[in-house]
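Work through the following exercises with the sequence and the coordinates side by side, and try each task before reading its solution.

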Amino acid sequence: MRNAEKYTHVSYLEHEGKYKGIWSWLLSTDHKKIGLLYLYSIAFFFVVAAILGLLLRLELIAPGPTIMDAQMYNGVFTLHGIIMVFIVVIPGLGAVFGNFFLPIMIGAKDVAFPRLNLLSWYIFIIGALLGVASQFAGDGPPDTGWTFYVPYSAESATNVIFALTAAFVLGFSSILTGINFIVTIHRMRAPGMGWFKMPLFPWSLYATAWIQVLATPIVGITLLMVIAERTLNIGFFDPALGGDPLLFQHLFWIYSHPAVYIMILPAMGVVTEIFPTFSQKPVFGYGAIVISSLAIAFVGYFVWGHHMFTTGISYWSRWFFSFLTFIVAIPSAIKVFNWISTMYGGSIDLKPPLLYAISFIFLFMIGGFTGLTLGALATNVHLHDTSFVVAHFHYIIFGGMGFAFFAGIHYWYPKMYGRMYNIKLANIAWGVLFTGFNLLYFPLFIIGLQGMPRRYFDYLPQFHAGHFISTIGAIILVIGIFMMMYNLIYYRHRGPVAPSNPWKGVTLEWQIESPPTHENFDVIPEIKNPPYLFKKEPQT
Amino acid sequence: MVYIVIRFRRSKNKEAMQFSGSNKLEIIWTVIPFILVLLMFYYGWVGFAPMRQVPDDAMRIKTIGRMWEWEFDYGNGKLAKELVIPVDQPIRLDLESEDVNHSLFIPAFRVKEDVVPGYDNWLWFTPIYTGEYEIMCTEYCGLLHYDMVTKVRVVEREVFDDWLENLEATGLIPDPPGLAVMKQNGCMACHSLDGTELVGPSFKGLYNTEKVVLIGNQEETVVADEDYIQRAIYQPNEEIVKGYARGLMNSYEDLISQEEITSIVEYLKTLNEE
Ligand code: HEM
Ligand SMILES: [Cu+2]
């Protein structure tokens, strides 16, 4: 063990508060410890859901039943979707890196409401446990898909109410975190840090937080309405009771489309930190990136109808939603151009965080282009609800948000733990992950084009080749995930001690010790310059 | 991107250039994508618009989606499980759902529209080649969603006329009341009348036979009399027929009355006679 060399200061990890042992974690109001609590719980659920995804893929390796029956398949994809969406990616980056680094990056000692922050984590855990309980209590695991479409979700005999409640509770946690971040950013920036001297990751969290606060209540009330419909027979959505099934889809997507931006905006924020550091160059187009984040958050509210092009909404609604969908693509394109220009002319150091960040752009662009194909009315009609869509959203949320998360963890790991993982192993794990990912999802585009519907337990023989390759990809991908995690966990205590600024970053988190002390800063810094200045002297 | 990473890698480019933005470039790469997406939007729309303009001479066929089958109603009680249509004839399908959401998808014709209960959705197309193509359901609708698949057969006009001529008008013979109740409540999705196993046991020869059921975890043998059938419909999860999973069948306590149960039992009795 290399434990002999050790940092000399007392870090937040060893800080002795009021409580000892495990309670110093479970009752901690330190934003860094709460960030880690989220990290561990989310990582746990991610692994569970990834294994569920692998089971689904194994089932689809050949036509006909292979390892499970249809009811179980439906339950598994529902659980996989619920965990991945509501427990992993919606809180994801914001709750982990937002909690840990937002206060540090704006020069604060903690978030505005530390206790509320801890409460949010507990609410999150309660929601997650309810989701787990839905599998065991009552009459069988829910089988509605994570979208809970009525009338099926009002009629299914399975334990849908638990799953709905779980999503509802998780929503609360999300709202509280959003409020906390908004107030923190408004009130707690270090002296001298004007809005436009704030780094871009906090900016992206700011845009995200507003979506969390404004959109989540809508889905909350919608889920409650489904519960009321099931228990009290009130006819909101079920036509058998006089309700309107499309109303549910509208309300659901008014939240769930912006939710995609809750996932992706912080992801964009993370890679925006990584490109300048590894190019040793100021971010290109700071203002444009800020504005495009806000534009995405705003326009993102008005495109929900593109999930409903084939539901029979009116001709002009289809026209309108398609148009706005294309508009919302522009800010994302702007960001991509700015990231690439940030690298242009830089002194590029291709370390694991940058590898992941570049794969993020690559996968996100594939996801984005196929998104445009889905946004065009004529092609949407053919592709909607096929495996083309499954591939598209995995490219966006897993290729985008997932890879950004991996980029972030490899970037900030030395800061969070004061130690460094094995860089070579990290590169190999990246290679396996990236190969597996494309093998897994790319074939789904092709069979989707040929007409393979989604949420199918079984399929016609002409789709076999695509499904087969895809399953092989899933196995490789899961191996990659385990390699990456092994690397991060093994070197947590055994890695070489990391200097406080291993990547030569210039944002505030790199100016303090690794791991940070309990209060982050001995003296709150005074901010004079805009962020991302890599030369000592300001430019003329 | 790959080019930039290689061209400016650290070993070659020790010192980074320091510049931080350009309004001219920002404007260029806002405007060009803007024009591109407008073009894509426009072509998407132009391609889509005809899908919503049905020719006047389209043949209309009522299409019913129910868990988990399609049914095509050619009028005058002529019902079919496969869609048979004449070539070169515009077809308009009027989509109706009897239970939950479905979606009718014919990949070969690039058409799809959801089948939503309470909504009068429709789609149209003109088949130009004869042949057989798949029809699939693409809106998740429960257990056998993946099996809600049938065929469309495009045939010459004369073949079609012949076929329609000979199609039995099964829709005109009224069902016995018990069967009608069960059809209305969607029981036939899970229970067959001819001995095939679907999701649940077949009704063939059910009445008055001995059944092994699980009450809690206890195995017991009961006789399928009127009382048992009522319990099976009102509290389906109390006694589970051996070999089947709990939680698949809903209670119909609020949906089916005592009298209707009696009519169902009467009908089940007739299944024993044949
Ligand atoms: C280990 C890697 C993964 C594998 C092998 C995998 C595989 C799958 C499969 C086979 C389906 C079912 C598609 C269908 O039924 O047609 C699915 C659905 C889904 N996946 Fe994944 N997935 C993985 C990772 C992820 C990640 C990281 C996310 C989110 C960040 C995610 C989100 C979803 C969602 C939302 C659905 C839709 C569920 C539904 O239809 O209700 N998956 N996935
Ligand atoms: Cu269906």
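**Exercise 1. Decide whether A:Lys351 is buried, partly exposed or exposed, and place it in the chain.**

Solution. At 24% relative accessibility, A:Lys351 is partly exposed, given that buried means under 20% relative accessible area, exposed over 50%, and partly exposed in between (1.4 Å probe, protein chains only). A:Lys351 sits in the loop between helix H11 (315-343) and helix H12 (352-375) of chain A, where helices (H or I, at least four residues) and strands (E, at least two) are DSSP runs numbered from the N terminus. Once its neighbours within four places in sequence are left aside, A:Lys351 is in contact with A:Phe278, A:Ile423 and A:Trp503, contact being heavy atoms within 4.5 Å. From A:Lys351 to A:His518 the C-alpha atoms are 29 Å apart in space, and the two are 167 residues apart in sequence.

Two conventions apply throughout: this is a predicted model, in which local features need pLDDT of at least 70 and side-chain atom pairs count only at pLDDT 80 or more, whereas totals for chains, interfaces and linings use all residues. Residues are numbered from 1 along each chain as its sequence is written, chains are lettered from A and ligands numbered from 1 in the order in which they are written, and side-chain values use heavy atoms, with hydrogens and water left out.

**Exercise 2. Place A:Met365 and state its exposure.**

Solution. A:Met365 belongs to helix H12 of chain A, and with 31% relative accessibility it counts as partly exposed. Its C-alpha lies 8.4 Å from that of A:Val336, although the two are 29 residues apart in sequence.

**Exercise 3. Which protein atoms bind the iron atom of ligand 1, and what geometry does its site have?**

Solution. Begin with the donors, which are N, O and S atoms within 2.8 Å of the metal (3.2 Å for Na, K and Ca); water is not among the atoms, so sites may look incomplete. The protein donors are A:His80 (NE2) and A:His394 (NE2), lying 2.1 Å from the iron atom. This pair links distant parts of the chain, since A:His80 is in helix H3 (residues 70-89) and A:His394 is in helix H14 (residues 387-417) of chain A, 314 residues apart.

Next, take the angles: among the 6 donor atoms they run from 84 to 179 degrees, and the site is octahedral. Six donors count as octahedral if opposite donors are over 155 degrees apart and all others between 65 and 115. For comparison, ideal angles for six octahedral donors are 90 or 180 degrees.

Finally, consider exposure: A:His80 is buried because its relative accessibility is 16%, and A:His394 is buried because its value is 14%.

**Exercise 4. Identify the protein donors of the copper ion (ligand 2) and describe their spacing along the chain.**

Solution. The protein donors are B:His102 (ND1), B:Cys137 (SG) and B:Cys141 (SG), at 2.1 to 2.3 Å from the ion. Along the chain these donors follow the spacing H-x34-C-x3-C. B:His102 lies in strand E6 (residues 102-106) and B:Cys137 in strand E9 (residues 131-137) of chain B, so the pair ties together parts that are 35 residues apart in sequence. Both B:His102 and B:Cys137 are buried.

**Exercise 5. Find the backbone features of B:Trp68, A:Phe148 and A:Asn520.**

Solution. As background, most residues other than glycine have a negative phi, and most peptide bonds are trans. A cis peptide bond, with omega about -10 degrees, joins B:Met67 and B:Trp68; B:Trp68 is in the loop between strand E1 (59-66) and strand E2 (69-73) of chain B.

A:Phe148, which is not a glycine, has a positive phi of about 50 degrees. A:Phe148 is found in the loop between helix H5 (114-133) and helix H6 (152-155) of chain A, and it is buried, with a relative accessible area of 0%.

A:Asn520 also has a positive phi, near 70 degrees. A:Asn520 is placed in the segment after helix H16 (464-494) of chain A, and at 2% relative accessibility it counts as buried.

Notes
Tetrahedral: all angles 85-135°; square planar, octahedral: opposite > 155°, others 65-115°.
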